[in-house]
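Welcome, and thank you for taking a look at this protein with us. Please have the sequence and the 3D view open as you read.

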Amino acid sequence: MINQELAEIFSLLADALEYKGDNIFKIRAYRKASRIIKDFSLNLREFSKEKPFTEIPGIGEGIAKKIKEYIETGHIHKFEEEKKNIPCGIFEMLKIQYLGPKTLKYVYEELRVDTLEKLKNVMNDGSLAQLHGMGDKKIERLKEAIELYETSEIGKKRFLIGDIYPAIEEIVARLKKITGNVTPCGSYRRMKETVGDIDLLAVSDKGQQVTDFFITLPFISKVISIGYTKATVILKNHGIQVDLRVVKPDSFGACLQYFTGSKAHNIKLRTIAKSKGLKVNEYGVFKGKKKIAGATEKGVYESIGLEYIPPEMREDSGEVELAIKHKIPRIVEYDNFKGDLHVHSNYSDGTSSILNIAKIAKAMGFEYIAICDHSQSVTYAGGLSEDILAKKNEEIDRINEKIKGIFILKGAEVDILRNGKLDYPDSVLKTLDIVICAIHQGFRKNVTKRFLEAMENPFIHIIAHPTGRLLSGRKGYDVDLDKVFEKAQDRGIILEINSYFNRLDLNDTNVKRAKKYDIKFSIGTDAHNDGMLKYWRLGLGIARRAWITKEDIINCYTLRKLKNVLRKEK
Ligand code: DGT
Ligand code: CA
Ligand code: CA
């Protein structure tokens, strides 16, 4: 978690310096460091025992010193100093699009606006409009941006699941040292794209020992409460809350079920139990005073006459009714996944070599991996010219000959240009095993029409991130998804579930919507570095939340079947 803490500090430090009007190169360096550290695959504390931080590509002397300072002391002096000069509400307002540091500083100096609430007030009472340069148009745009922010997940103070993933992994690993069984519950276990807080369940006969140990973990900034069976703390990273419960083994299943939720699902379950003269709570299922289930989750469901329901389905959206009839669909399992179909290498804007990605993918147990770098017109992301792409294909052939146990597919993420044409000619597309098409330019212009036109091409297989939304607060493209789904069905084109945690696109509701058509899905992490490869699980979580099966997802096919599907699409 130390990586995430540092990434957050460098990002806030960049914000602070930008507000102050400091040197732009310095600001960019901190932002870059934040990005590199956030996705760095090794724990920086462990790394420092082996090598200097300057060995990490993109990390210079100055940043390296600050990382060291944080690891040794728990803070960075420069950040503590810079923070003092800035009203803390500014950090929140900087997250709003169109609201830059210059405007914020100006509005603070003129009207003492240091919180979002105050900003809204001066907008409404007309005093903002009195300021020089604050025309109607600008204020209108600002209003829209604030609304977008407030309705976004971040504005609602929820956390992106991928942002807290490393924290959960680390807390669970640490707690496992003193108690064998520790399970994340709540919205995280249900794989929602954002979570309000982290819920953990530990099994132990010695509750106090576990909670005592928990509150001394180094990444905690505040202890809210502690008891024999419960503790609540706030993490340094993002200031997120963690609720820990400790139960005895004979109540594990009941507590896991309760603590996983959702609340609506639990309420429905309790109502059904009640109608059968049973009582369900965190400790078990009871008939009068007699406990009839509680040790396992499956036992809890079965004791009230229901089929077991996978956590990702528990949203009270029809799953309980199916469980009553014992008709829960056989949704895809995490171990059905055989390989990532959307990874960027250092040929374009990724940081890893193809060989390195292949080795990691193999170690992760994948059977195949598709390297899909950007196409030629995406110059800002290192898009590949036709010549370089041909060289890259040769390199993949060479590696495939040498490496055993994993197959690398030759791919590309080909842009759909503003005029609806694809960014490589057919003669080039033909040389690839897998062609993913995406829009990275002209978000508001004819997006549906361009998608439909691109989908006429005989060489494309997949449409990437079909809505273009970002959970951090970017509206998606102006796209008519049903038209895209219809065309996908007609042309046998696959739709991507992009698993990068800020995208998660298609999301669960859109996959459910697409499922009404005869369409297959692919899962791609869109990884630009090694650390991002693990997020394939988030894509699979979406698939499970949308109740789809392993037959619906081409990443669950054997290599032979996958190749067949990709061939047939042409
Ligand atoms: P979040 O944290 O907003 O992303 O959503 P959850 O689902 O993780 O909710 P949280 O952390 O408030 O509570 C964890 C679980 O505990 C929740 O999913 C179901 C259970 N729970 C919490 N409050 C209630 C309640 O009032 N009634 C019932 N039946 N269950 C509850
Ligand atoms: Ca929660
Ligand atoms: Ca909670």
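Here is a short tour that goes from the domains to the metal site, then to a cavity, and ends with some single residues.

## Domains

Please keep in mind that this is a predicted model. The protein is divided into domain 1 (2-82), domain 2 (88-151), domain 3 (159-247), domain 4 (252-324) and domain 5 (334-569). If you would like a sense of scale, look at domain 2 and domain 3: their centres, taken over C-alpha atoms, are separated by 37 Å.

## Two calcium ions

Next, find the calcium ion (ligand 2) and the calcium ion (ligand 3), which are 3.8 Å apart. Which residue coordinates both? Asp-197 does, bridging the calcium ion (ligand 2) and the calcium ion (ligand 3).

Let us take the ions in turn. The calcium ion (ligand 2) has as its protein donors Asp-197 (O), Asp-197 (OD) and Asp-199 (OD), at 2.2 to 3.0 Å. Why is the arrangement around the calcium ion (ligand 2) called irregular? The six donor atoms around this ion subtend angles of 66 to 164°, and six donors count as octahedral only if opposite donors are over 155 degrees apart and all others between 65 and 115. The angles around the calcium ion (ligand 2) therefore make the arrangement irregular. For orientation, ideal angles at a metal are 90 or 180 degrees for six octahedral donors.

Around the calcium ion (ligand 3), the protein donors are Asp-197 (OD), Asp-197 (OD), Asp-199 (OD) and Asp-243 (OD), lying 2.3 to 2.8 Å from the ion. Along the chain, the donors of the calcium ion (ligand 3) follow the spacing D-x1-D-x43-D. Distant parts of the chain are linked here: Asp-199 belongs to strand 4 (residues 198-203) and Asp-243 to strand 7 (residues 241-247), with their positions 44 residues apart.

Are these aspartates buried or exposed? Asp-197 and Asp-199 are buried, and Asp-243 is buried too.

## One cavity

A search of the whole structure finds one cavity of 30 Å³ or more, and the largest cavity has a volume of about 30 Å³. Which residues line the largest cavity? They are Gln-4, Lys-38, Asp-39, Gly-162, Asp-163, Pro-166, Phe-501 and Tyr-535. By character, the lining of the largest cavity divides into three nonpolar, two polar and three charged residues.

Helix 10 (residues 161-175) provides the largest share of this lining, with three residues. In terms of domains, domain 1 (2-82) and domain 3 (159-247) each give at least three residues to the lining of the largest cavity.

## Loops with special backbone geometry

Some loops are worth a stop for their backbone. The table brings together two cis peptide bonds and two residues with positive phi.

| Place | Feature | Value |
|---|---|---|
| Gly-261 to Ser-262 | cis peptide bond | omega near -5° |
| Asp-505 to Leu-506 | cis peptide bond | omega near 0° |
| His-326 | positive phi, not a glycine | phi about 55° |
| Asn-446 | positive phi, not a glycine | phi near 50° |

Where do these residues sit? Ser-262 is in the loop between helix 13 (252-260) and helix 14 (263-275), while Leu-506 is in the loop between strand 16 (494-498) and helix 22 (508-514). You will find His-326 in the loop between helix 16 (319-324) and strand 11 (339-343). Asn-446 lies in the loop between strand 14 (434-438) and helix 20 (447-454). With a relative accessibility of 44%, Asn-446 counts as partly exposed.

## Two buried residues

To finish, look for Tyr-477 in the loop between strand 15 (462-463) and helix 21 (481-491). Its relative accessible area is 7%, so Tyr-477 is buried. Tyr-477 and Phe-443 are 34 residues apart in sequence, and their C-alpha atoms are 5.2 Å apart in space.

The other residue is Ile-371, which is part of strand 12 (residues 368-374). Ile-371 counts as buried because its relative accessibility is 0%. From Ile-371 to Gly-180, C-alpha to C-alpha, the separation is 38 Å, and the two residues are 191 residues apart along the chain.

Key:
Residues numbered from 1 in each chain as written. Chains lettered and ligands numbered in written order. Predicted model: local features only at pLDDT ≥ 70, side-chain atom pairs only at ≥ 80, totals over all residues. Heavy atoms only, no water. Donors = N, O, S within 2.8 Å, 3.2 Å for Na, K, Ca; no water. Tetrahedral: all angles 85-135°; square planar, octahedral: opposite > 155°, others 65-115°. Buried < 20%, exposed > 50% of the residue type's maximum accessible area, 1.4 Å probe, protein only. Helix = DSSP H or I, 4+ residues; strand = E, 2+ residues; numbered from the N terminus. 1 Å grid on protein atoms, 1.4 Å probe; cavity = no way out; pocket = protein on both sides within 12 Å on 5 of 7 lines; lining within 4 Å. Points joined across faces, edges and corners; volume = space filled by probe spheres on them. Nonpolar A, V, L, I, M, F, W, Y, C, P; charged D, E, K, R; others polar. Domains from an automatic or database assignment.
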